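Subject: The structure I promised you

Hi,

Here is the structure we talked about. Open it in your viewer and keep it beside this email while you read.

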Amino acid sequence: MSDREEYLRRAVSRTFDKVQGSNVFLALFTAAYQRDPQALMQLGMAVVLDKPLLLLVDGDTPIPENVRRLARAIEVYQSLDDLGLATERLLKKAKELGL
């Protein structure tokens, strides 16, 4: 096995353990998120492990329809100044859903 393959296996294993050990999966969803291999791997693991998905979405970032359907709660923020309030709203929704 090459060093690269070993590195990727370890990265997947570490990520799997973290996602598996969480109660929910909260993603800060930005346009860059959709191109980040690690973020995409984490999202895929959360879906396969049946974790409730919570999304904080940056402004007008498009959310793929399948991701939108899977998300239990979505909150949009317009700027970093609004991120704290959006997080509070998202956590309130999660609590209302019993998450």
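Before anything else, a bit of vocabulary: helices and strands here are runs assigned by DSSP, numbered from the N terminus. With that in hand, take the largest pocket: α1 gives the most to its lining, with 9 residues. Please keep in mind throughout that this is a predicted model.

Let me stay with that pocket for a moment. Its volume is about 250 Å³. There are 13 lining residues, and A11, V12, T15, Q38 and M41 lie nearest the centre. Both α1 (3-20) and α2 supply at least two residues of the lining.

Now for the overall layout. The protein chain has 4 helices and 3 strands, and reading along the sequence you meet them in the pattern α-β-α-β-α-β-α. The C-alpha trace spans about 45 × 30 × 25 Å along its principal axes. Of the 99 residues, 33% count as buried. If you take the contacts with a separation of 6 or more, 52% of them come from residues 24 or more positions apart.

What is on the inside? The largest nonpolar core has 16 residues, and F25, Y33, L55 and I63 have the most contacts inside it. At least two residues of this core come from each of β1 (25-29), α2 (37-48), β2 (53-58) and β3 (71-77). Among the contributors, α2 gives the most, with 4 residues. Have a look at Y33 in particular: setting aside neighbours within four places in sequence, Y33 is in contact with F25, A27, L28, A39, L40 and L43. There is also a second, separate core of 8 residues, and L54, A73, Y77 and L90 are included in it.

Next, helix α4, which makes a nice small exercise. How far apart should the ends of its 17 residues be? At 1.5 Å a residue, α4 (residues 80-96) should span 24 Å, and the end C-alpha atoms are 25 Å apart, so the two agree. (The expected span uses one less than the number of residues, in case you try 17 and get puzzled.) The buried residues of α4 are D82, L83, A86, L90 and A94, and they pack against β1, β2 and β3. Just after α4, G98 takes a positive phi of about 80°.

Two other residues are worth a click. The one to start with is E75, which lies in strand β3. Is E75 buried or exposed? E75 has a relative accessible area of 9%, so it counts as buried, the cut-off being under 20%. Its side chain makes a polar contact with the side chain of R89, at 2.7 Å. Not counting residues up to four places away in sequence, E75 touches L55, L56, V57, A86, R89, L90 and K93.

The other is D50, in the loop between α2 and β2. With a relative accessible area of 67%, D50 is exposed, since anything over 50% gets that label. Phi of D50 is near 60°, a positive value in a residue other than glycine. Why point that out? Because most residues other than glycine have a negative phi.

That's the tour. Happy browsing!

Key:
Residues numbered from 1 in each chain as written. Predicted model: local features only at pLDDT ≥ 70, side-chain atom pairs only at ≥ 80, totals over all residues. Heavy atoms only, no water. Core = buried A, V, L, I, M, F, W, Y, C linked by side-chain atoms within 4.5 Å. Buried < 20%, exposed > 50% of the residue type's maximum accessible area, 1.4 Å probe, protein only. Contact = heavy atoms within 4.5 Å. Polar contact = N/O pair within 3.5 Å; in protein donor to acceptor, adjacent residues only side chain to side chain. 1 Å grid on protein atoms, 1.4 Å probe; cavity = no way out; pocket = protein on both sides within 12 Å on 5 of 7 lines; lining within 4 Å. Points joined across faces, edges and corners; volume = space filled by probe spheres on them.
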